[in-house]
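Here are a few notes to read alongside the model. I've kept them as numbered points, so dip in wherever you like.

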Amino acid sequence: MKDKKVIWKRKPLIKNRLLRIGLILLISTYLLSVFLTTEIDWQRILEGIPRGKIFIFAFFPPDFITRSDEILAGIFESLWMTIVATIVGILISIPVSLGAAKNIAPKFIYFLSRGVITLSRSFQEVILAIFFVKLMGFGPFAGMVTLSLSTIGFFAKLLSEDIEDINKSQAEAIKSTGSSWFQWVNYGVQPQVMPRFIGLSLYRLDINFRESAVIGIVGGGGIGSTLNTAFDRYEFETAAAVLIVIISIVMIVEYTSSHLRKLIK
Amino acid sequence: MPIIKQKDYKTWKKFDRKRDLQNWLCWFLGTLIFSFCFGLISSKTIWFYVFDSHNEALDLLGRMFPPETNYFFTLIKPIWDTLNIATIGTSIGTLIAIPLAFLSANNTTPSKKFLRPLALFCIVSSRSINSVIWALLLVAVVGPGVLAGIIAIGLRSIGFCGKLLYEAIEEIDENQIEAIEATGANKAQIMTFGIVPQILPAFTSISIYRWDINIREATVVGLVGAGGIGIELDAQIGDLAWAKVSVILFAIVVAVVFSEWITAKIRKAII
C-alpha cells in the first residue's frame, strides 16, 4: 500500500485563477513600463552621494546657535499662523458643515456647501499657498489664509458627517418644545457633536502646524522659510537644526493633542 | 441645570453660575490669544497688498482664461510620472512599513527596550516631515527628477502606514494565535498563518488610502524639483504663463478625482 499523505494548503487570496495570473501580468507590465519610461541619471546620483553624506553628517551635531534668532522667529511665526488659521478655519467651517449635513440643510444649500468643501479639498496646501502668496504678498498672512481655507475642507467634511449621524429623537425633542432654528441647533445638535468637534479641532491644529512648515517654502512665512533659506545658503547644519526642531514640536503637539483627545473621550 | 425663579415665573438655564463663569473665562482667554496672535501676524503684513488682492485675483483669472487647451497633450508624460511617483512610492513605503510595524507593535516586538523605541522613532520622524520637505532634501542628494519624488513619497508613507499597521497588529485576536501555537507551529508559521491573515484587510485598506493621499502629494513634490506635474506647474508659474497654469490645475483636479473614484471602487470590491 502506498503511503498517502494528506496535505493542507492555504487557500489562494484570489480564487479565480485567470484573474490571479492576469493581475500578476498586469502588475509586471506596469512595473516594466515605469522602469522603461523613467529616466534615472545614475551619474548624478553617484555625484550626490557625497553631498548626502555631508547632509547626514550635518546632524552630528546640528547647529542651533548661529541662526538661533531666525529659527526662533520662524517657529513662533508658524505657531501664530497655526493658531489663527485653525480658529478662523473652524469658525468658517461651522456654518459650512451645518449646510453640508443632509438632515439639516435644504437641497440647494447642501450642494453649495458640498461644492465649497470639494473645492477646498482638491488642491494641496502648497498650491493654494503659491496663489495666495502671489495675491497677498509674502509673509504669514498668505500662509494663514491658505491654512484656514484648507481647514474648511477637512473640518467641514468630517463634522458634517458627524452631524448627519446624530440621534434624531434628541433633536426632535428640542424641536417639539417650540424652539427656534438656532435654539434647535444649539440645544439639539451641538451637544451631540461637541466631543467630535473638540477632537477634530485638536487634530487639525496638529496638521496645520505640520503644513505651516511646507507653506514657508513657497513664501508663506513661518519655519518653512527659515528652512528654505538655510538650504539656499547651503547651511546644512542649520537646516538639520530646523528639521530637528520641527520634528520635536510636531511630536509634542501630536502627543498633547492625542492625550487631550483621549481625556475628552 | 438650575432653574431660576423670577418673581412670577421660572426659567431654565443650561449651566449654573460657576460653569457659566468658566465658559466665559475660556472664551475670553481664547479671544485674547487669538487677537494677540493675529496682531503679531498683522504686524508682518503689508496690508496694501492684501486689500488690493481682489484686483490681483481678477487680473489673474483674466490671464488664466481662456486656457491653452492644446497644452494638455504635453502634460501626459508629467501626469504619467506623477502616477508612477505615487504608486511606486506607496509600494516602497508600505514594504518598509511592514517590518517596522511588527517591530513597534507591543505584542510582536522582539525587544521592548531597544528595538521598539527605535522603530517608533523612525515612524514618528517619517510622519512629522512633510513629503515636500523630504523631496527638498532628496533633490539635493539624488538630483532633480522622478527618483527623488519616489523616494520622498516612500519615506513619508513609511510613517503613516507603519503607525496604522502597528495599531492594527496590536488589536489582533490572541486566541487565533494560540490556536496556531497549539498545533506546534514555529514563529514563522505563527506569523504567516496567525497574524498575517488577521491584518491583511487593514493592510490593503491602509495602502489604498495612502495611495489616494500620495496622488495628491505627488502633484506638489515637483514644486521643489522632484518630478511629476509639479515641475511643469513651477515652470509655467515662473514663466507667468497663466493660460497654461489653468490647464495644469485642471489636470491636477482630474487626477485627484480619478484617484478618489478608483480607491472608492477598489474599496467596494474588497470589502
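1. Let's begin with one helix: does H1(B) lie largely in the open, or is it mostly buried? Bear in mind that this is a predicted model. Of the 27 residues in H1(B), just two are buried, so the helix lies largely in the open. In chain B, H1 covers residues 17–43. From its first C-alpha to its last, H1(B) reaches 39 Å, close to the 39 Å expected at 1.5 Å a residue.

2. Now for the rest of chain B. Its secondary structure adds up to 11 helices and two strands. Starting at the N terminus, the order is β-β-α-α-α-α-α-α-α-α-α-α-α. The chain has a radius of gyration of 26 Å, well over the 18 Å that the globule rule gives for 271 residues, so chain B is more spread out than a compact globule. Its C-alpha trace spans about 75 × 75 × 40 Å along the principal axes.

3. How much of chain B is buried? The share is 38% of its 271 residues. As for contacts in chain B between residues at least 6 apart in sequence, 70% of them join residues at least 24 apart.

4. On to chain A, which has 10 helices and zero strands. Read along the sequence, the pattern is α-α-α-α-α-α-α-α-α-α. The radius of gyration of chain A is 26 Å, while a compact globule of 265 residues would have one near 18 Å. Along the principal axes, the C-alpha trace of chain A spans about 85 × 75 × 35 Å.

5. The same two tallies for chain A: buried residues make up 39% of its 265 residues. Of its contacts with a separation of 6 or more, 70% are between residues 24 or more positions apart.

6. Where do the two chains meet? The contact takes 40 residues from chain A and 41 residues from chain B. On the chain A side, several helices each supply at least two residues, among them H1 (17–37), H3 (68–99), H8 (181–215) and H10 (236–264). The largest share of that side, six residues, comes from H2(A). Sorted by class, the side of chain A that touches chain B has 27 nonpolar, eight polar and five charged residues.

7. Which residues touch the most other members of the largest nonpolar core? This core has 123 residues, and the ones in question are A:Val126, A:Val242, B:Val132, B:Ala135, B:Leu138, B:Ala152 and B:Val221. Helix H7 of chain B (residues 146–170) gives the core its largest share, 14 residues.

8. B:Val221 deserves a look of its own. Leaving out residues up to four places away in sequence, B:Val221 touches B:Ile85, B:Ser131, B:Val132, B:Ala135, B:Gly149, B:Ala152, B:Ile153, B:Ala226, B:Gly227, B:Gly228 and B:Gly230. B:Val132, B:Ala135 and B:Ala152 on that list are also named among the core residues that touch the most other members.

9. Finally, try finding A:Asn167, which sits in the loop between H6 and helix H7 (168–176) of chain A. Is A:Asn167 buried or exposed? With 11 C-beta neighbours inside 10 Å, A:Asn167 counts as exposed. Its C-alpha atom is separated by 13 Å from that of A:Ile104, and the two residues are 63 residues apart along the chain.

Terms used. Residues are numbered from 1 along each chain as its sequence is written. Chains are lettered from A and ligands numbered from 1 in the order in which they are written. This is a predicted model: local features need pLDDT of at least 70, side-chain atom pairs count only at pLDDT 80 or more; totals for chains, interfaces and linings use all residues. A nonpolar core is a set of buried Ala, Val, Leu, Ile, Met, Phe, Trp, Tyr and Cys residues joined through C-beta atoms within 7 Å. A residue is buried if 20 or more other C-beta atoms lie within 10 Å of its own, exposed if 12 or fewer, and partly exposed in between; C-beta atoms are placed from the backbone. Helices (H or I, at least four residues) and strands (E, at least two) are DSSP runs, numbered from the N terminus. Two residues are in contact if their C-beta atoms, placed from the backbone, lie within 7 Å. Ala, Val, Leu, Ile, Met, Phe, Trp, Tyr, Cys and Pro count as nonpolar, Asp, Glu, Lys and Arg as charged, and the others, Gly among them, as polar. The radius of gyration is taken over C-alpha atoms; the globule rule is 2.2 Å times the number of residues to the power 0.38. The expected span of a helix is 1.5 Å times one less than its number of residues.
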